[in-house]
Structures are given as C-alpha cells and as structure tokens.
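Student: I've got a new model open and could use a quick walk through it. Can you take me round?

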Amino acid sequence: MLRDKKGTSPLHVAVLRQNLDIIKILSKEFTKTRVVASYTSSNNYNFETDLHHASLGSFTPVHFACYKGNIEILEFLKNKGGNLQTTSNNGVGCLHLAASQNQLNMVKHLIKVCKLSAKAPGPSLVLLAAQNGAVDVLKYLVNENDLDLTQKDKHSDDALIFAI
C-alpha cells in the first residue's frame with residue numbers, strides 16, 4: 001500500500017485537495033495518462049482499501065469530503081461504497097466534521113439526502129458548531145432540526161458558554 005508514516009493514502013490527499021479528477025484516476029474510473037495508470041497498478045494500489053482506511057485522527061476519505069464540504073466528492077465516494085456511518089475513535093462522524101467547519105450545505109445534504117440523523121451519537125452537533133463559531137450550522141440545527149441549544153457537555157458547559 002502507498003501510505004506515509006501517518007497512514008495517509010493518495011486518496012486521502014486527493015480528497016483533502018478536493019481533486020475529483022485524481023480521485024477518479026485512483027478509482028480507475030478513468031485514466032488521463034498511462035503514467036498514472038501504470039503507477040497505480042504496478043504498486044498494487046487498491047482504491048477500495050483506501051476508501052475505508054482511516055488515517056489522521058482515524059478519519060476516512062469520506063470524513064475528509066464532509067470536512068471540506070465537497071458534496072460532489074462525497075457522492076462519488078458514497079457511490080463507490082464509502083461509509084457515511086463510520087466514526088473516529090472518539091465518536092466523530094461525517095455530520096460532526098461538517099458542522100464543526102460551518103459547512104451548511106454539507107450538513108443539509110447529510111441530513112436531507114443521505115438521511116443521517118441530526119441527533120447522531122457522539123459529540124453534540126450543537127456544541128461542536130458553537131465551539132467552532134459555525135453560526136449558520138448552529139442556527140440550522142436549532143431552528144430546523146429542533147436540537148436543544150441548552151444541551152451540556154461532560155463539564156456542564158452549553159453552547160452559550162462556547163459562543164462567548
């Protein structure tokens with residue numbers, strides 16, 4: 001497998017750089033040059049393995065697409081078998097990453113199109129949005145998904161504390 005010391009694969013890098021053309025090359029969906037085609041096949045590159053491989057804080061390429069707010073890449077990865085239900089070691093999933101980065105369109109897409117629950121297990125989406133200053137996402141979660149603004153974390157802090 002082609003990975004750096006942190007376990008980062010070419011697919012992780014392509015998703016973080018939001019380069020759908022490279023992602024498609026890695027998936028062998030299309031090939032622009034023989035150089036890339038021979039490089040990936042001669043080194044036994046496996047797209048399916050990297051699609052589910054977690055690196056950098058136990059995040060998969062699907063997580064990175066949500067973090068970046070790139071719906072087109074998310075849908076491509078999902079159609080290739082990417083799992084939107086996977087969470088990191090500390091329970092952070094796709095919705096958590098999108099909410100923490102104020103990726104409103106991605107949060108809406110995950111809830112409405114991908115049918116993920118706004119009341120996802122793991123860290124509170126409301127608290128994550130408040131901690132990271134994700135005002136648009138916070139308003140959406142509270143106003144349109146009926147999430148509780150007074151929900152508290154393990155230290156008894158609520159979203160209002162983080163917003164100050």
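Student: Let's begin with the big numbers. What share of the 164 residues of the chain counts as buried?

Tutor: Of the 164 residues, 43% count as buried, where buried means under 20% relative accessible area, exposed over 50%, and partly exposed in between, with a 1.4 Å probe and protein chains only. Keep in mind that this is a predicted model, where local features need pLDDT of at least 70, side-chain atom pairs count only at pLDDT 80 or more, and totals for chains, interfaces and linings use all residues. Residues are numbered from 1 along each chain as its sequence is written, and side-chain values use heavy atoms, with hydrogens and water left out.

Student: And how much accessible surface does the chain have?

Tutor: About 8800 Å², and 49% of that belongs to carbon and sulfur atoms. The areas come from Shrake-Rupley with a 1.4 Å probe, and for residues only the protein chains shown count as cover.

Student: OK, secondary structure. How many helices and strands are there?

Tutor: There are 11 helices and zero strands. Both are DSSP runs numbered from the N terminus: H or I with at least four residues for helices, E with at least two for strands. The pattern along the sequence is α-α-α-α-α-α-α-α-α-α-α.

Student: What fraction of the contacts comes from residues 24 or more positions apart?

Tutor: Such pairs account for 65% of the contacts with a separation of 6 or more. A contact here means heavy atoms within 4.5 Å.

Student: Let's zoom in on α8. Which of its residues are buried?

Tutor: Helix α8 covers residues 104-113, and its buried residues are Met 106, Val 107, His 109, Leu 110 and Ile 111. Their cover includes α5 (61-68), α6 (71-79), α7 (94-100) and α10 (135-145).

Student: What about Asn 105, buried or exposed?

Tutor: Asn 105 is exposed, at a relative accessible area of 55%. This residue is in α8 too, and its C-alpha is 8.2 Å from that of Ile 71, although the two are 34 residues apart in sequence.

Student: How do α8 and α10 cross?

Tutor: Their axes come within 9 Å and cross at roughly 30 degrees. That makes α8 roughly parallel to α10. The contact involves Leu 104, Val 107, Lys 108, Ile 111 and Lys 112 on the α8 side, with Asp 136, Val 137, Tyr 140, Leu 141, Glu 144 and Asn 145 on α10. The crossing is right-handed.

Student: Remind me of the conventions for that?

Tutor: Axes are lines fitted to C-alpha atoms, for helices over the stretch in contact, with angles from 0 to 180 degrees between N-to-C directions. Under 35 degrees counts as roughly parallel, over 145 as roughly antiparallel, 65 to 115 as roughly perpendicular, and the rest as oblique. A crossing is left-handed if the near helix is turned anticlockwise from the far one by less than a right angle, and right-handed if clockwise.

Student: At what angle do α5 and α6 pack?

Tutor: About 160 degrees, with the axes 8 Å apart. That makes α5 roughly antiparallel to α6, and their crossing is left-handed. Pro 61, Val 62, Ala 65 and Cys 66 of α5 meet Ile 73, Leu 74 and Leu 77 of α6.

Student: Switching to aromatics. How many aromatic pairs does the structure hold?

Tutor: One. The ring centres of Phe 59 and Phe 64 are 6.4 Å apart and the planes sit at 55 degrees, so the pair is tilted. Rings of Phe, Tyr and Trp (its six-membered ring) pair if their centres lie within 6.5 Å; planes under 30 degrees apart are stacked, over 60 edge-to-face, the rest tilted. Both Phe 59 and Phe 64 are buried.

Student: Now backbone oddities. Where is Asn 102 found, and what is its phi?

Tutor: Asn 102 is in the loop between α7 and α8, with a positive phi near 60 degrees even though the residue is not glycine. Asn 102 is partly exposed, at 26% relative accessible area. Lys 115, which follows α8, also has a positive phi, near 60 degrees.

Student: And Asp 146?

Tutor: Asp 146 is another non-glycine with positive phi, about 55 degrees. This residue lies in the loop between α10 and α11 (159-163) and counts as exposed at 64% relative accessibility.

Student: Last one: which residues does Leu 147 contact?

Tutor: Beyond neighbours within four places in sequence, Leu 147 touches Ala 118, Lys 119, Leu 125, Val 126, Leu 141 and Val 142. Leu 147 is in the loop between α10 and α11, and counts as buried at 12% relative accessibility. Val 126 is 21 residues from Leu 147 in sequence, with 7.2 Å between their C-alpha atoms.
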